[in-house]
Amino acid sequence: MTEFTPLRHIPQANVFRKGDVFVLFGELFGRGYVNGLIDEARAAGMTIVGITVGRRDETGALRALTAEEHAEAEEKLGGKIINVPLMAGFDMDAPEGEQNPTELLADVKLKTWQDDKLDWEKIERCREAGVRRFTTSAAQAMAEIDKLIPEGANVFFAHTMAGGIPKIKAFLAIANRIYKGRGDRFESSRALLDSDLGKLILMNFDEVTANTLKYLIDASAPIRERVTKAGGEVRYTAYGYHGTEILIGGKYVWQTYTNYTQGYAKMRLESIAEAAWKQGIYATVFNCPEIRTNSSDIFVGVELSLFPLLTALKKEGGGAWADQQWQICQDLLGEGVSLQSLLDKIEQYNNDATSAQFRNFEAWPMDNTPELADVMIGTSEEMTAMHKDRKALITDHLSSLVLEGAGPLMFHGASEKISPVLWLSHDIIARQLNELHK
């Protein structure tokens, strides 16, 4: 278990300037945390370079981007993209002539998934094939990127790979029960983790979310050696999640969304950064607050911890700009609904004995329970119902603020070489936002 190391000051250091290179190790699809980092890199005058995960053809085989896709991806990034497919995970990999894990799972049914068994020797061969494919391609991509880094430049590698759920029909229905179900539709997250299907998903999460940081560090070793030999600096960042401190009862208290199935892979990610740091390689995992994104929407209730950010903005010296954020949020609520009444309900939820018992840092990530599902999903639905429009939510606005605050904290925090793992909690996000809008 990583020691809890929250960032408590606004970092000012910056080693990056015009002519330096920012490498995005992951592909940009929608708006997410990495946009804040890219904005900082662009403002510093850095050259932006990216990679692609590639695309699958009709047979499921991985391919490079077509000329049209490549041009579109480069336009979206605002930089050059190395067209070597770097799809992480092994759910679609297998040795020649063997079935891949997705095919091996094709017959999993909603009624039998807890008892369905996998052949682990076959799975291990698939994992080895996937790792071999990825590391070979990573070395190839880094050789191309090396050519784009001028002598004397500094380099910033931003790792953004995460996920790893195999595309099998039954899983969506299972996930809906685990993350959205209550009453008769509730499913225990422990049942998933104890099943062969769950064990495979955890293995793939490890590969996609965590091990790719190690593969990046290894594949970029020639670049790192060349840059540092010339007196330059190299940094690596990655996005973690391991709960967040938010205001509860006027104090910053660590809390978490439960059940965060990817938590095991996120802890592995932390340990990879810690191991790199010991070797003098500056990789920092920034554990970021809960936000709403396309990929987090399955986790009903994950957004509840965003609301107290409004209180944090005022507590951390917010002036007219913080008042403006309150007004923006108030305007999203239905007739006769006050923002304060919503925040009071959230405070009530956070003080509920059921949700409070999940604030156990040492036991993270804990399993879900029917009681938690009732109170968390129930509160989530109640909050959404208080809005004028279910498609224009306060949590969307607050998510964009968190992204805006996290970008400079990560960019300058990486420069400063503070620690291999840092938590960005609501206190520092609020202070950074207030500073930006003074």
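Trainee: How many helices and strands does the secondary structure of the protein chain come to?

Mentor: Keep in mind that we are looking at a predicted model. Going through the protein chain, the secondary structure comes to eleven strands and 16 helices.

Trainee: What radius of gyration does the protein chain have, and what would a compact globule have?

Mentor: Start from the chain length, 438 residues, because the globule value depends on it. A compact globule of that length would have a radius of gyration near 22 Å, and the protein chain agrees with this at 22 Å.

Trainee: What share of the residues is buried?

Mentor: Here a residue is called buried when its relative accessible area is under 20%. Of the 438 residues in the protein chain, the buried ones make up 55%.

Trainee: And what share of the exposed area do carbon and sulfur atoms supply?

Mentor: The protein chain exposes about 18700 Å². Of that area, carbon and sulfur atoms supply 50%.

Trainee: Let's zoom in. How is helix 11 oriented relative to helix 15?

Mentor: The axes of helix 11 (residues 320-330) and helix 15 (residues 394-416) come within 9 Å and cross at roughly 150°. Angles over 145 degrees count as roughly antiparallel. Therefore helix 11 is, relative to helix 15, roughly antiparallel.

Trainee: Which residues of helix 11 and helix 15 make the contact?

Mentor: By class, six residues in this contact are nonpolar, two are polar and none is charged. Helix 15 brings Ile394, His397, Leu398 and Leu401, while helix 11 contributes Trp321, Gln325, Ile328 and Cys329.

Conventions. Residues are numbered from 1 along each chain as its sequence is written. This is a predicted model: local features need pLDDT of at least 70, side-chain atom pairs count only at pLDDT 80 or more; totals for chains, interfaces and linings use all residues. Side-chain values use heavy atoms; hydrogens and water are left out. Axes are lines fitted to C-alpha atoms, for helices over the stretch in contact, and angles run from 0 to 180 degrees between N-to-C directions. Helices (H or I, at least four residues) and strands (E, at least two) are DSSP runs, numbered from the N terminus. Angles under 35 degrees count as roughly parallel, over 145 as roughly antiparallel, 65 to 115 as roughly perpendicular and the rest as oblique. Contact means heavy atoms within 4.5 Å. Ala, Val, Leu, Ile, Met, Phe, Trp, Tyr, Cys and Pro count as nonpolar, Asp, Glu, Lys and Arg as charged, and the others, Gly among them, as polar. The radius of gyration is taken over C-alpha atoms; the globule rule is 2.2 Å times the number of residues to the power 0.38. Buried means under 20% relative accessible area, exposed over 50%, partly exposed in between (1.4 Å probe, protein chains only). Accessible areas come from the Shrake-Rupley method with a 1.4 Å probe; for residues, only the protein chains shown count as cover.
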